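Please open the model in your viewer and keep the sequence panel beside it, since each stop on this tour begins with a selection and then says what can be found there.

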Amino acid sequence: MNLSQDTEDRLHRGKRQILDSFGADPNVTGAGIGFRRRDGQWTEEPAVVVLVAKKRPAALVSNRRLLPRTVEVDGVTCEVDVIQAGPFSTGGVATTATATATAITGRMRPPRPGCGISNSLDGDTVGTLGLFVVDNKDGKVCLLSNNHVVARMGRATPAEDIIQPGAYDGGKRPDDIIAFVKRAAPVPDGGSVDAAIAELVDQDAFVVEPALDRMPGPSAEHPVVGIHTAGDKYGTNALVRMDKALAALNASVAVRNASGKVVAAPDAVVAPKPYMKIEKVGRTSGYSSSIITVTGAESVINTPIGPIRFTDLILTESLGNAGDSGSAVFVGGDGATPVEPEEERPCPLLASVGSYYRLPLTEDNDLADDLRDGFLAQSLVGRLLIRLPYLNQQAVVDRLAGKQATGQELSYASQYYTKYHDFMASVLADPNSTAVVTQENLDDAALVIYGLTQSVLTGPESQLAVKLYQEALVPTLGMNRRQVLAYMNRPELYKLVYDAIAAVPSIETNGPLEMPR
């Protein structure tokens, strides 16, 4: 599948429209261009691809934040595809870098692309040697990797030591030094390159073919397209373009000719295209192969010096993990040899509320899913309540940001969490539970509501909570699980709850559900 130049230009203008209109939404993490996917399958429909931190059904997104299905550009309708990706982080040099059975963590002499390296001043960190290049200024052979791996995100001074193996893998001795920092590409906000070069100590001792012998070195038949730079918690990886990196560094891909002489190979680099098959060898995950899903992506990457907005990124999936930063990405492979993605992030709402009350709510994702899918989704009122956290999540996160509950709030929160956590889990796990709502349960709920009205809720929200307690919750006294579900399915109760919530301006409801006839 290929995009014509006219189509690419049109999609980029559509991308700009989307970012101008929705880029400030905290759930929108970026946008690029590519092809639409339907039910997990690729189509040949060109599309503006919008990245969101959490993808939800349209019914769970407020109208003002709902992304359009299409965008008009010069009178032409462009499709809009939404994928879950981002935010991104240059976690490749984190001290928590993992390793697989094929990880390249040991000493490698001569060094080869794919082995682990570090700047010796960067603590117990590690990244990947991407490939070898010729400095166009003086003809010296240098290794190329990310700026955040080699040059400490622009903070390094020339001649700082680059060691192999990397510091995290035990490389700290003088004889571990294989290169010296030479220069790094600038990293302005709105830039597109995270790359740096370091001059080899031994100009003759290196191998251009990547470690593990799973793929050949760079050539016109096996060109490089990008540098693995960042990732998110869903397995999406962000790459910077190799052609732009080399241009910014004034360097060329290094190869050996038939006689073994090192020469520059300008034809060993290509521009990225959506759906292009790619492969890499990296320190942590070894060999992997995927496909390019998005090109021309604009997104913020969290770096060691703070968030930076990058443009013209390449996105792919399941290509690398922490410690693979700096890996050179080549055209080739089967496009279907993935690495395991990192563990998914906890729900932001649970994280925010848990932080405020000092409760381990991020460990209760499964319990929250059981409450949503196994109980609330089975009734009219329940389905209405499911929508509210999604629609109002960011408002809650913003309201609690930087705040801490009082000592009394923390005490009560801990008390009720301990009292009801296991009880709720047991009731949710048993559809035939005979446990009933007691007066003690209602009294506890009243006390919780009172505490919220004193600290977290606004005046109208407090009035809403009291109204729903009195008119909707108190009547459940003596009901078991099945009876509560039947009660929550009553249209008159749904109308009472919906009308009360809709009357509070600070709460988004997104319109009522379809009522049964």
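The tour below goes from the whole chain to its sheet, its core and its helices.

**The whole chain**

Begin with everything selected, bearing in mind that this is a predicted model. The chain carries 11 helices and 20 strands, and its C-alpha trace spans about 90 × 55 × 40 Å along the principal axes. Of the 517 residues, 51% are buried. If you display contacts with a separation of 6 or more, 72% of them join residues 24 or more positions apart.

**The nine-stranded sheet**

Next, select the open sheet of nine strands, whose order is β7-β6-β10-β11-β12-β9-β8-β15-β16 and whose pairing is antiparallel. Its edges are formed by β7 (127-128) and β16 (262-264), each of which pairs on one side only. Zoom in on the β16 edge, where β15 (residues 251-256) and β16 are joined in the antiparallel sense over three bridges, and where V255 stands opposite V263 of β16.

Now add helix α3 (residues 242-249), which lies across β8 (131-135), β9 (141-145), β11 (177-184), β12 (196-200) and β15. Relative to β15, helix α3 runs at about 105 degrees.

**Strand β14 and its partners**

Move to strand β14 (residues 236-241), where six of the six residues are buried. Which strands are joined to β14 by bridges? One is β13 (residues 224-231), antiparallel to β14 and joined to it by five bridges, with G231 opposite N237 of β14. Another is β19 (residues 306-317), also antiparallel to β14 and joined to it by four bridges; there, the bridge partner of L239 is I314. Between β13 and β14 the hairpin has four residues, and in this hairpin G235 takes a positive phi near 95 degrees.

**The two nonpolar cores**

Select M242, and show what lies around it. Leaving aside neighbours within four places in sequence, M242 is in contact with L131, L144, V224, V225, G226, I227, V269 and A328. M242 belongs to the largest nonpolar core, which has 66 residues, and it is one of the members that touch the most others, along with I117, L143, L144 and V150. A second core, separate from this one, has 33 residues, including I386, L442, A445 and L464. As background to both selections, nonpolar side chains tend to be buried together in soluble globular proteins.

**Helix α4 and its surroundings**

Now select helix α4 (residues 348-357), in which L349, L350, S352, G354, Y356 and Y357 are buried. Showing the surrounding helices reveals that the buried residues of α4 pack against α5 (365-374), α6 (380-400), α7 (407-429) and α8 (439-455).

Is S355, which lies in helix α4, buried or partly exposed? With a relative accessibility of 48%, S355 counts as partly exposed, because that class lies between the 20% and 50% limits. A distance label drawn between the C-alpha atoms of S355 and A405 should read 9.2 Å, although the two residues are 50 residues apart along the chain. Just after α4, inspect the backbone of R358, which takes a positive phi of about 55 degrees.

**Helix α11 between two comparisons**

For the last stop, select helix α11 (residues 491-502) together with α6, whose axis comes within 8 Å of the α11 axis and crosses it at roughly 25 degrees. The two helices therefore count as roughly parallel, the limit for that class being under 35 degrees. Here L380, V381, L384 and L388 of α6 meet P491, L493, Y494, V497, Y498 and I501 of α11. Coloured by class, this contact has 10 nonpolar residues, with no polar and no charged ones.

Then keep α11 selected and replace α6 with helix α9 (residues 459-473), which packs against α11 at an angle of about 170 degrees, the axes being 10 Å apart. This angle makes α9 roughly antiparallel to α11. The residues to highlight are L464, K467, L468, E471 and A472 in α9, which meet L493, L496, V497, A500 and I501 in α11. By class, the contact of α9 with α11 divides into eight nonpolar, no polar and two charged residues.

Terms used:
Residues numbered from 1 in each chain as written. Predicted model: local features only at pLDDT ≥ 70, side-chain atom pairs only at ≥ 80, totals over all residues. Heavy atoms only, no water. Core = buried A, V, L, I, M, F, W, Y, C linked by side-chain atoms within 4.5 Å. Buried < 20%, exposed > 50% of the residue type's maximum accessible area, 1.4 Å probe, protein only. Contact = heavy atoms within 4.5 Å. Axes fitted to C-alpha atoms, helices over the stretch in contact; angles between N-to-C directions. Parallel < 35°, antiparallel > 145°, perpendicular 65-115°, else oblique. Nonpolar A, V, L, I, M, F, W, Y, C, P; charged D, E, K, R; others polar. Pairing = 2+ DSSP bridges.
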